[in-house]
Each structure stands twice: as structure tokens, then as C-alpha cells.
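The exercises that follow ask you to work through cavities, aromatic contacts, a helix and a sheet, with a solution set out after each task. Please have the sequence and the coordinates open before you begin.

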Amino acid sequence: MGDDWLSRRARAAEQAVPGGFDLSECVREPIHLLGGVQSYGTLLAVDAATGLVDTAAANTGPLLGVPAEDLVRGPVTRVVGPDDWQEALEATSGADAPSAALPVTAGTGSSRGTFDLSVHRSGELLVLEFEPRDERQAFLFSGFYQGVRRALARLRSASTVTDGCRTAVKEIRSLTGFDRVVAYRFDGPDGPGEVVAEEVTEAWEPWLGLWFPATDIPPQARRLYQDNWIRVITDVDDPTVRLHPQVRQSTGRPLDLSGAALRTVSEFHLEYLRNIRVRSSMSVSVMREGRLWGLIACHGADPKVLAPEVRSACELFGAAFSLQLAAIEERERADGFARSGARAGAVAELLDADVEASLLRHEEAFRGLTNADGVALARSGRLVTAGLPLPDRLASELGRRAALMTPGTVWATDRLPELLADTDTDTGADADSHSPSDREVERGPIAEPDGVAGLLMVSLGRSGEFLAWTRAERPMPREWAADPASPVRVGPRGERLTPRGSGAVFRSVMRGRSLPWTAQDQSAALEMWRLLTGLVLRHANELGRLNDELRMINVDLDSFAHAAAHDLKEPLRGISNAATFTLEDAADGLDATSVRRLETMQRLAGRMDELLNSLLHYARLGRGGVQRTDVPLDDVVDAALEVAGPRLADEHVTVLRPATLGRVRADPDRLYEILVNLLVNAAKYAADRPDRTVEIAVATVPTQDGPGREQAVLVRDNGIGIPPGRQSEVFDLFRRLHGPAEYGGGTGVGLAVVKRIVERHGGRIWLESEPGQGASFYFTLGDPGPAASGSA
């Protein structure tokens with residue numbers, strides 16, 4: 001193949017797209033609606049219900065004996081026998097019916113002959129593709145079946161993906177006779193492709209190891225490759241045969257040729273093939289889990305018409321190769337699971353009840369399980385990391401993704417910055433925006449030098465919990481068959497496709513990638529999830545059992561307190577009444593000692609009744625819920641002062657408060673009870689001094705478990721105070737630091753009730769006091785806490 005041929009093809013290519021080469025037009029081009037077919041065959045689109053021809057290729061005259069204009073709107077049986085038409089209908093009947101191939105005798109007059117008829121459904125139409133059949137070649141395929149069987153047997157013996165690709169290209173070249181056959185693997189659904197295996201004649205340059213820009217196979221072409229296993233182009237200089245009519249009356253668009261083997265070729269693709277010195281080509285799709293994994297691409301230096309038997313064999317081979325890839329990957333996954341199971345078990349044995357702490361203690365073993373640079377565990381609202389730091393934004397994104405995944409699902413990527421760039425356009429830098437220097441360039445969003453580029457994550461639960469391993473960026477060199485940043489160049493006639501091939505190698509460095517995760521790594525992650533889940537479930541079951549026991553104990557205690565407070569009141573009331581009646585009925589006949597004893601009995605019965613009432617109230621607090629609302633704190637203080645105010649006035653205690661206390665989220669009835677108890681206590685324990693005060697305020701205080709700040713309600717008096725060593729006792733049930741009759745008496749239940757109400761809100765209560773210096777009671781109301789502002 002000489003330079004003259006290439007020069008002629010290049011000039012023809014430039015003339016074919018006179019306005020220049022616009023890649024955006026290439027990406028948008030509707031290649032299934034080009035309105036033409038390759039000239040070595042012809043095509044009819046027939047209404048399946050009526051048998052009337054809807055569309056016909058312009059070459060039906062020489063091939064079938066009837067011009068297209070005469071066939072359209074007429075019966076298809078003019079050129080196809082009724083029995084063959086009925087067989088075509090039956091072969092493609094039913095939902096999702098596959099295409100069918102039939103040998104038929106078709107046409108009229110001197111054009112009547114033997115054809116290979118391919119049939120497929122396109123909506124309400126049956127598309128018939130006719131390819132003239134040379135009966136003299138029939139003997140060539142007599143031994144074809146055995147050759148295909150041997151090729152499939154050799155393919156099944158492949159043990160790795162690379163071996164499978166090598167076998168595939170060798171057997172496809174043997175079946176077809178093309179000059180070059182390559183296995184071309186895509187780097188992701190929309191990414192570039194790499195030649196991973198090759199069989200090529202010595203006269204052609206090798207492509208093995210070269211990368212080709214993603215624009216070489218645009219998205220709409222990939223969709224068609226995904227829907228059709230095989231695509232054949234017999235001659236890049238083939239004169240396209242137009243369809244009649246060009247636009248269908250029913251749709252206003254050209255006939256959809258997505259499933260047609262004879263579909264004509266885009267001028268963009270023809271120029272591409274001429275550019276790489278190819279005259280004929282065939283592409284066989286390689287699928288993995290319903291998605292396009294890659295292609296087996298075949299190139300010839302001369303025009304080549306492939307018989308349907310050869311195309312069918314190649315299509316079968318592509319399907320078998322796809323299944324073999326799946327089997328290889330599944331075997332690798334199973335082998336990896338077996339090898340990683342023992343390692344994961346050894347690592348899991350290092351875990352104890354405190355999973356997070358034990359992970360940090362043994363983080364090297366966890367990272368070593370998948371050869372990772374970092375490990376992270378998000379569980380129960382906590383995130384622990386070791387090794388490579390995990391940025392907060394990334395941790396949040398992983399939690400969001402984990403919440404959408406089924407627990408136990410493994411998700412892995414070696415190009416995390418690219419994925420993050422899809423969700424946050426401000427992330428990373430586009431290295432394609434700068435010009436290359438010395439034929440070296442960096443590609444893709446650039447990660448931070450020590451940033452996370454690879455991630456292997458397993459979801460632990462729907463609440464966004466996850467276990468993840470991370471890897472740092474590993475820059476990877478690539479050799480491109482063309483500059484991926486400039487797939488077109490300016491020539492004498494405008495923009496043209498850049499030549500592809502090893503003669504124009506463009507070296508680059510891929511950034512933002514990590515080492516890829518192997519099947520063994522993913523198996524280890526899955527096994528770790530299984531073991532971790534088992535460990536957590538065992539701890540959860542044990543904790544559940546203990547909680548059930550505690551719940552039963554609490555129920556029993558609550559029932560006892562209620563019964564004691566309620567059922568004991570009846571006999572106590574009888575004792576009090578008996579003493580009262582005895583005093584009334586026999587007052588004159590009793591001596592002073594007996595009277596004093598009966599009065600003591602009455603007083604003690606009354607005291608016992610107060611204690612039982614307090615116990616009943618305390619028990620009810622344990623059963624009742626907290627009904628939070630947005631409450632003005634001033635309104636609750638006003639209500640509490642209606643009860644405690646007279647007592648404070650009697651003790652000459654002045655109430656101090658700011659102009660406004662703001663609002664809180666609390667149960668207003670329970671908050672009222674807290675304030676009444678604290679204000680009454682301030683009245684009870686007022687000091688013997690003229691300036692007796694009680695202050696109500698909102699204070700900003702440090703949080704209990706961290707460096708943050710929160711707001712608390714403050715009730716401060718300047719009364720007698722409480723010794724530091726006895727301050728915790730004041731919150732105990734039935735505990736008073738003074739005698740029953742001192743400082744107004746009481747049951748010792750008030751502050752215990754206050755503490756229980758505060759804890760039911762999720763808050764805490766504490767005090768600061770010194771003898772003779774008064775007492776300051778602080779309490780919070782849990783999340784969201786007081787919504788007021790102020791300071792004390």
C-alpha cells in the first residue's frame with residue numbers, strides 16, 4: 001500500500017468535509033439516520049401488517065429487477081416469494097425478536113437470483129437486507145464449522161484476560177483474513193481505548209500498547225456497538241446508495257438503520273479509516289455485564305466482502321469471547337476470595353468490642369489487607385481514619401453514596417478525582433487546558449500530591465456507614481496514537497483528523513489515578529464486611545440482651561414505685577383516720593401521753609403520705625414522654641413565679657432577670673416544674689441578710705464532651721450555700737441536707753425530680769456553690785438546647 005493511495009485518500013477526505021472537521025458535529029451526528037446503505041447489497045423496509053414496501057434502496061432495480069420508485073407502496077411479494085415473506089414474518093415474531101438470516105431466491109426477470117436475506121424488526125417495519133450469494137463459494141464453508149469449533153475451544157482454554165484477547169485476535173484474523181486485528185479495551189464507558197492484543201501483517205506498523213482518544217469512537221457509535229454485535233465496512237470508497245424516499249412520511253425522518261448490517265458509513269468515520277490507511281474494516285463488540293467492554297477491530301488494505309457465514313461466525317466468536325471474559329473475571333474473583341478469606345479472618349481477630357479503637361491500634365494490618373495507603377471507618381456517627389488523610393468533603397460524599405448502596409456492596413475506583421469532578425465542578429484542574437511541552441503532557445483532573453486518588457469502599461448500612469481503603473495518586477505514563485488534546489489538525493483545506501499510529505506516538509502522564517484495585521482486593525473488602533458485620537451483630541445481640549434485662553428491671557422498679565405510692569396510701573389513710581377518730585371520741589378520757597402519741601401518729605402518717613405522693617410523681621416522670629415545643633422562656637418564668645412568687649416575697653427575696661430571656665425548645669409543663677422547684681428552694685434557703693436575691697438568666701457554658709460552647713438556663717441565689725463535698729447528694733431521691741422541719745421542711749424529692757426532667761430532655765444539670773455564698777444551678781435541655789442568647 002503506497003503513499004500515492006494514501007495521498008489520494010487524504011485529498012478525497014479533505015474534499016468530503018469542505019467546511020473543516022468539527023468534532024462536536026461528529027459527536028452529535030445521527031449515524032443511524034444517514035439515509036443510505038452500502039452498495040454491495042440492497043434493502044427494503046416493509047410494513048409488517050400490510051406487506052407493503054415503505055422504503056427501498058435506490059439499487060433495487062439492478063439487484064432485484066424493480067426500481068425503488070415502483071416498489072414503494074407496493075407489495076413486497078413482487079420480489080420475494082410469499083412463502084419466504086411468511087417465513088421472515090414468523091422468524092421475527094414476538095417481543096424482542098432477534099434478527100434472522102435466510103437463503104432466498106428473490107427478484108424478477110434477469111435479476112432473479114439467490115440472496116442471503118437478513119431480517120430484523122424496526123418498530124412496525126420489517127427490514128429486509130439482500131446480499132447476492134455466490135453459490136460457487138458454498139464449498140469453501142464445508143469445513144468452516146470445524147474451524148469455528150477449534151477456535152472456540154482455544155478461546156475457552158484462556159486463563160487470563162490478556163490470554164483471551166490474544167487468542168481472540170488470532171482466531172478472528174484466521175477466520176477473516178484481515179491485515180490487522182486488535183483487541184481494543186475501553187478505559188471506562190466514555191473513556192479512551194487501549195490496544196491490549198494484536199495480530200498484524202509485517203507490512204503494517206504495530207499498535208500494541210497504544211491508546212486512542214475517546215473521540216475516535218463517539219457516544220452514539222458506542223451505543224450502536226452495544227446494540228449490534230458486528231459492524232462491517234466493505235470499502236471506504238463505496239458509493240453510498242440512497243434510500244427512497246429519503247424521509248418517511250409517517251415520521252418526517254429518515255429510516256432508522258440502527259440494526260442494519262448494510263447501514264452506510266459516516267463521512268467522519270470514512271475519513272478516520274482513510275487516515276489510518278484502511279480500506280475495509282469490521283468491528284465485533286465485546287460486552288461485559290450488558291455494557292461495552294471493548295472491540296475486536298479488523299482492518300484491511302483492500303475492499304473485502306464477508307460472507308454471512310463468516311460474519312455469523314465472528315459474531316458468535318464475539319459473544320463467546322464476552323462470556324469467556326466474564327468467566328475469567330468470575331474465576332479471578334473466586335480465587336481472590338479464597339486467598340483473601342484467611343487474611344481477612346486474621347485481621348478481623350484483631351477487633352474487639354471497641355471496633356474503632358482496635359482498628360486504629362492495628363491500622364497497618366488493615367491497610368495491608370488491600371495494599372492501601374489509608375483506611376477509614378464511619379460507624380454510629382463517628383469517623384476514624386488512619387494513614388492517608390480523608391478530607392471532610394470526601395467523607396461526606398462517601399457517606400451519601402454508602403446510604404444509597406445495599407449493605408455489603410463493594411464500590412471501587414482508581415480515578416476518584418474524576419468522579420468528584422462530576423459532582424463538584426470546582427474540584428480539581430483540567431490539565432487538557434494547557435499546551436504540551438516537549439511532547440509531554442499531564443491528563444485528567446489533578447489530585448493533590450498526597451491526596452486520595454483510589455477508593456475501595458463497602459457499605460455497612462443504609463444510614464451511610466462504610467468501611468473504606470484509600471490509595472494515593474500514582475502517575476502513569478501512556479503512549480497515544482494521537483495527541484488526545486488535539487485529535488484534529490489544520491491542513492491546506494481546513495481542520496482534518498490527526499494521523500493515528502506508532503509513527504506519531506504522543507507520550508503523556510495520567511494524573512489523578514491510583515493503582516487499580518484487583519479482584520482479590522475487592523474480595524478481601526467483602527470478606528472483611530462479612531466478618532465485621534458478624535462481630536458487630538454479636539455485640540449488638542449481647543447489648544440487646546442486656547438492654548432487655550435493664551428494660552424489665554426498670555419496668556419492675558417503675559411498677560413497684562407506682563404500687564407502693566398508690567396501694568400503700570389506703571392503709572396509711574386508715575391509720576390516720578383511726579388516730580383522728582380516737583382523739584375526737586375519747587379526748588376527755590385519754591391522758592396527756594396517749595394524746596401526744598396519737599398526734600405523733602397523725603403527723604407521721606401525713607409525712608408518709610407526702611413521701612408517697614412524691615414517689616408517685618417521680619415514677620410518673622419515668623413513664624411520660626417529653627413533648628418539645630418552641631417556648632418563650634419569659635412566659636414559663638412568669639407562670640412559675642405565680643406559684644413561687646408569694647413564697648419568695650415572704651422571705652424578702654428579690655427576683656432579678658434580664659429584659660428578655662429568649663426562647664427554648666422544651667416541654668413547657670416540665671420546664672415550669674423545674675423552675676418552680678428551683679425558685680422555691682431559693683426561698684427556703686435564703687440567707688439571713690438584707691439583700692436576698694435570686695437571679696434567672698441564660699448563660700453560655702463549655703460543652704461537656706468537647707471544646708464547643710452551649711447555652712444553659714441559670715438560677716442563682718445568694719442563700720446559705722452548699723458544701724462542695726455534699727453537692728451531688730442534693731439530687732438524690734428523698735435526700736435532704738437538713739432536718740425534716742428545718743428550712744421549711746420537705747421530702748427531698750424536688751431536686752431529684754428536676755434532674756430527671758432535665759435528663760428526659762437529653763440535658764444535664766449541675767451546681768456551683770460555697771457555704772454562705774449562695775448556689776448557682778445550671779441546666780441544659782439537650783439538642784437543640786436553649787435558643788436564647790445572653791450571659792451571666
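**Exercise 1. Which ring does the charged end of K304 sit over, and which ring does R764 lie over?**

Solution. The structure is a predicted model, and the criterion to apply asks for NZ of Lys or CZ of Arg within 6 Å of the ring centre and within 35 degrees of the ring normal. For K304, the ring in question belongs to F178, and the charged end sits over that ring at 5.4 Å from its centre. For R764, the partner is W766, whose face has the arginine over it at 4.2 Å from the ring centre.

**Exercise 2. Count the aromatic pairs, and classify the geometry of F115 with F130 and of Y184 with F186.**

Solution. The count comes to five aromatic pairs when ring centres must lie within 6.5 Å. Taking F115 and F130, the ring centres are 5.9 Å apart and the planes stand at 85 degrees, so this pair is edge-to-face. The pair links distant parts of the chain, since F115 belongs to strand 5 (residues 113–122) and F130 to strand 6 (residues 125–132), with their positions 15 residues apart. F115 and F130 are both buried.

The next step applies the test to Y184 and F186, whose ring centres lie 5.4 Å apart with planes at 90 degrees, so this pair is edge-to-face as well. Y184 and F186 are each buried, and together with W207 and F212 they form one aromatic cluster.

**Exercise 3. How many cavities of 30 Å³ or more does the whole structure hold, and which residues lie nearest the centre of the largest cavity?**

Solution. Rolling a probe the size of a water molecule over the atoms shows where empty space is left. The search of the whole structure returns two cavities of 30 Å³ or more. The largest cavity holds about 240 Å³ of space; 18 residues line it, and those nearest its centre are I217, Y272, S283, A297 and H299. Two or more lining residues come from each of strand 7 (180–186), strand 10 (230–233), helix 9 (267–275), strand 12 (280–288) and strand 13 (291–300). Sorted by class, this lining comprises 12 nonpolar, four polar and two charged residues.

For the second largest cavity, the space is about 60 Å³, and its lining consists of Q38, I233, D235, V236, D238, T240, T264, V265 and L270. The classes there are four nonpolar, three polar and two charged residues.

**Exercise 4. Is helix 9 mostly covered or mostly uncovered, and which of its residues are buried?**

Solution. Helix 9 is mostly covered, with seven of its nine residues buried, where buried means under 20% relative accessible area. The buried residues are F268, L270, E271, Y272, L273, R274 and N275. Of these, Y272 also appears among the residues nearest the centre of the largest cavity, while L270 also lines the second largest cavity. Just after the helix, R277 adopts a positive phi of about 60 degrees.

**Exercise 5. What is the strand order of the open sheet of seven strands, and which strands stand at the edges?**

Solution. Strands of a sheet pair through backbone hydrogen bonds, either parallel or antiparallel. In this open sheet, the order is 1-11-3-2-6-5-4, and the pairing is antiparallel. Strand 1 (36–37) and strand 4 (100–106) stand at the edges, and each has a single partner strand, so one side of each is left without a neighbour in the sheet. Strand 4 pairs with strand 5 in the antiparallel sense over seven bridges, and L102 has L117 in strand 5 as its bridge partner.

Conventions. Residues numbered from 1 in each chain as written. Predicted model: local features only at pLDDT ≥ 70, side-chain atom pairs only at ≥ 80, totals over all residues. Heavy atoms only, no water. 1 Å grid on protein atoms, 1.4 Å probe; cavity = no way out; pocket = protein on both sides within 12 Å on 5 of 7 lines; lining within 4 Å. Points joined across faces, edges and corners; volume = space filled by probe spheres on them. Helix = DSSP H or I, 4+ residues; strand = E, 2+ residues; numbered from the N terminus. Nonpolar A, V, L, I, M, F, W, Y, C, P; charged D, E, K, R; others polar. Phe/Tyr/Trp six-rings, centres within 6.5 Å; stacked < 30°, edge-to-face > 60°. Buried < 20%, exposed > 50% of the residue type's maximum accessible area, 1.4 Å probe, protein only. Pairing = 2+ DSSP bridges.
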